[in-house]
Amino acid sequence: MSSLFFQISSVFYVILVAIIYFAKEKIATIENNIYKNIIVWILLTLIVDMASVYFGIKYPNSSITLPLCKLYLSCILIWVMLFTYYVFTISSQKNSGNIKIDDNENITYFKKASYIFIIIGIFINLGILLLPLNLYSGNGIMYTYGPCAIFSYGCGGLLIIYWIISILTNHRSIKNKKYWPAYTFFVLALISIFIQSTYPNILLVTSVAAYITVLTYFTIENPDIKMIEQLNVAKSQAERANRAKTDFLSSMSHEIRTPLNAIVGFSQALIEENISNEAREEVNDIIMSSNNLLEIVNGILDISKIEANKLEIVNTEYDSNKLMKEVISLIRARLASKPLDFRIEIDPTMPPVLYGDYIRIKQILINILTNAVKYTKEGYIAFTVNTVIQDDVCRLIMSVEDSGQGIKPEDIDKLFTKFQRFELEKNITTEGTGLGLAITKSLVELMNGKIVVQSKYGEGSKFTVSIDQRIIPKTSEELENIDTIDSAPFNASGSKILVVDDNNVNLKVANRLLKDYHANVTLVSSGQECLNKILDGEEYDLILLDDMMPRMTGTETLKNLKNIIGFSIPVVALTANAISGMRERYLALGFDDYLAKPINKDQLYAVLRKYLVESDGVILPQEDNTSKMQIVNVNNHTREFLESNGVDVERGLELLGDMGMYDTTMEDFYQEIDTKLEKINMYKEQRDMPNYAILVHSLKSDSKYLGFMKLAELAYNHEMASKENNQAFVDENYNELMDEAMRIYNVVKKYVGEGKDE
């Protein structure tokens, strides 16, 4: 029958699409779930449509014809309802792409909405069932009319109007290609109504719905499952490779640092002895070479930390002129006999004391200047430092210009890539790992600075770094006095220290470094000897415990020590395992502190001062007693006040060193917190996640320094979420962050004296 031509054709291509759709693996999303019902229902509707047309023309007076026509109207309207629900889903602001059916948070919203559509569908079908329907049939033409038909067409028209309103209202949240089926149906429906009014024997409505169903198939996002599986396998392999790399770096760090510990330790001790000038010069060369090797190791470890997002900026007060002099002195030594004119121009108005990461700024300058020395054979190297001062912020604009070989334009973009070195055949004798500039760029960005490269191949290059540092209203002399007091050796002759290490050289190094503190040092070479000492009733004030030892590791030794009833001696991990995250790992394992090899004298000093008392019995500055350099608070609150309010003061002192610096940092925190919280709220309201991430990162760092550990953890969670542009997490957890921030604000306000009368 010619009236069924379009329906029969539609059945074939819908079946073809259905086979393809159901044969292919799919991601379990709400859109796929709806479309599955749409494609099944259009097939059913086409079959019912063909049956109703056949009976309407062949057997118009049959008792089955009108029920079939009503069933068809019900089927086509249910299809329209399903498609309406699909439009609602893709246009909803809750839909941020393909929502997985196990996404409980969003799926609940769409389930509730589906109940409304089901209720509307029941109402429509009751209307079709109860209202009368008339049938015209003659000359090979059939169509329905009457209240039931009018009701059906009206409901369908209202649903289509809803499509248009919904899409226009939420068009920004819908991917462009998802518009096509709804708009196409609207256009084709108008065309089919016009054609059917002119040629009643051409029935197009169901075929148009079938066409839209097929078109929708091409807008459903269904990534290739096989490809996803391959990606997951590749991801797993990459993770295993990354773990292997981390293990390798850890092993390499340990193997290199262990002999370096002896070289650096004995050299530092020897330089303080009464030796000839010639011998002193040779020892200095040993120390410099050792430091160069250590820089290479640290460079690789820095890359590891950067990749793991665990490299943090540690800000302290520092002497800006001293920093520049140290950098210049080191570069002059590296110039050696190279015939280069080293031009230096330092802004005389640069503030004498700044607040920032002294170590990292020095590392940045040394990396850039060393690079210039390596690739400049003749001519000059110009080191220039300019400053721009605004309020209490000093912008350091540091540039290094050279007359070296320059960089090709096509290589500039690759300049900051790890392990990247250019023109190896020309620079085969030039030392380096290709890590310096990659680390430099990461450090500059961590300090919210900027690095710019200008170069002309064959003529030279210019690197410019700009970093903001806070100005501290002190003189260099004031800072120097504090530093002198801070690093002055103290007499710990009443203290007993047990050093455990399987390497005899390391034991000698530790013994030599501890000699200046006059402590009673006991050396043992295994974990079992350590246990025997404690079980024999020996008492110590501190244990320095190596980890990587045969038979019984330091971690296993610590576990056994903890099992001894009454054991309470502080145990510090003494290890060459300095890979990213190791400090946190050792603390989590139960160690009280962490020292990396080769032992840094300042870090050793900090550990000893933390856990030992002076020979006269006076507790050191991190305790409640004040030291000579501690700033006296003008408030009525104490360390106990902070600790009673959940502040981990001890953690803050680990990072800041003493209560004087702690109080100064607390004052700075109090002065800045209002503005910082306002900006955090502003960026959150503006949905500016990149800037929000920067501010909560800053809040996290400040909180860590001062021991606000809960606030630091909450800020860290917000930092990670905002870096992933997870606005939903930020919105849902924002009040918790602000509540803790305001609680800390009130504690700090009372501590610094602003709220003491409240």
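L498 in strand β10 sits across from T522, a residue of β11. That pairing comes from a predicted model, so treat everything below as read off computed coordinates.

Back to the strands. β10 covers residues 496-500, and four of those five are buried, so the rest of the structure largely encloses this strand. On β11 (residues 520-524), β10 has a parallel partner, with five bridges between the two. β10 also runs parallel to β12 (residues 542-546), this time over four bridges. V500 takes part here: its bridge partner in β12 is L545.

Here are the two pairings of β10 side by side:

| Partner of β10 | Residues | Sense | Bridges |
|---|---|---|---|
| β11 | 520-524 | parallel | five |
| β12 | 542-546 | parallel | four |

Now for the greasy parts. In soluble globular proteins, nonpolar side chains tend to end up buried together. The largest nonpolar core here holds 58 residues, and the members that touch the most others are W79, F83, Y85, W163 and F185. Helices α1 (5-23), α2 (30-58), α3 (65-91), α4 (104-130), α5 (147-169), α6 (180-198) and α7 (205-217) each put two or more residues into this core. The top contributor is α3, with 16 residues.

What does F185 touch, leaving aside residues up to four places away in sequence? The list is W79, I160, W163, V208, A209 and I212. Separate from that core is another one of 40 residues, including V327, L335, I366 and I467.

Helix α11 is worth a look too. It takes in residues 358-374, 17 in total, and spans 24 Å from first C-alpha to last, close to the 24 Å expected at 1.5 Å a residue. Is α11 mostly covered or mostly open? Mostly covered, with 13 of the 17 residues buried. At the N-terminal end, D357 acts as a cap on α11, with a side-chain oxygen 3.3 Å from the backbone nitrogen of I359.

Zooming out, the chain contains 25 helices and 14 strands. It has 758 residues, and 46% of them count as buried. Looking at contacts with a separation of 6 or more, 71% are between residues 24 or more positions apart. As for the surface, the chain exposes about 38600 Å², and 56% of that comes from carbon and sulfur atoms.

How values were computed:
Residues numbered from 1 in each chain as written. Predicted model: local features only at pLDDT ≥ 70, side-chain atom pairs only at ≥ 80, totals over all residues. Heavy atoms only, no water. Buried < 20%, exposed > 50% of the residue type's maximum accessible area, 1.4 Å probe, protein only. Pairing = 2+ DSSP bridges. Core = buried A, V, L, I, M, F, W, Y, C linked by side-chain atoms within 4.5 Å. Contact = heavy atoms within 4.5 Å. Expected span 1.5 Å × (residues − 1). Polar contact = N/O pair within 3.5 Å; in protein donor to acceptor, adjacent residues only side chain to side chain. Areas by Shrake-Rupley, 256 points an atom, 1.4 Å probe, with all protein chains shown as cover.
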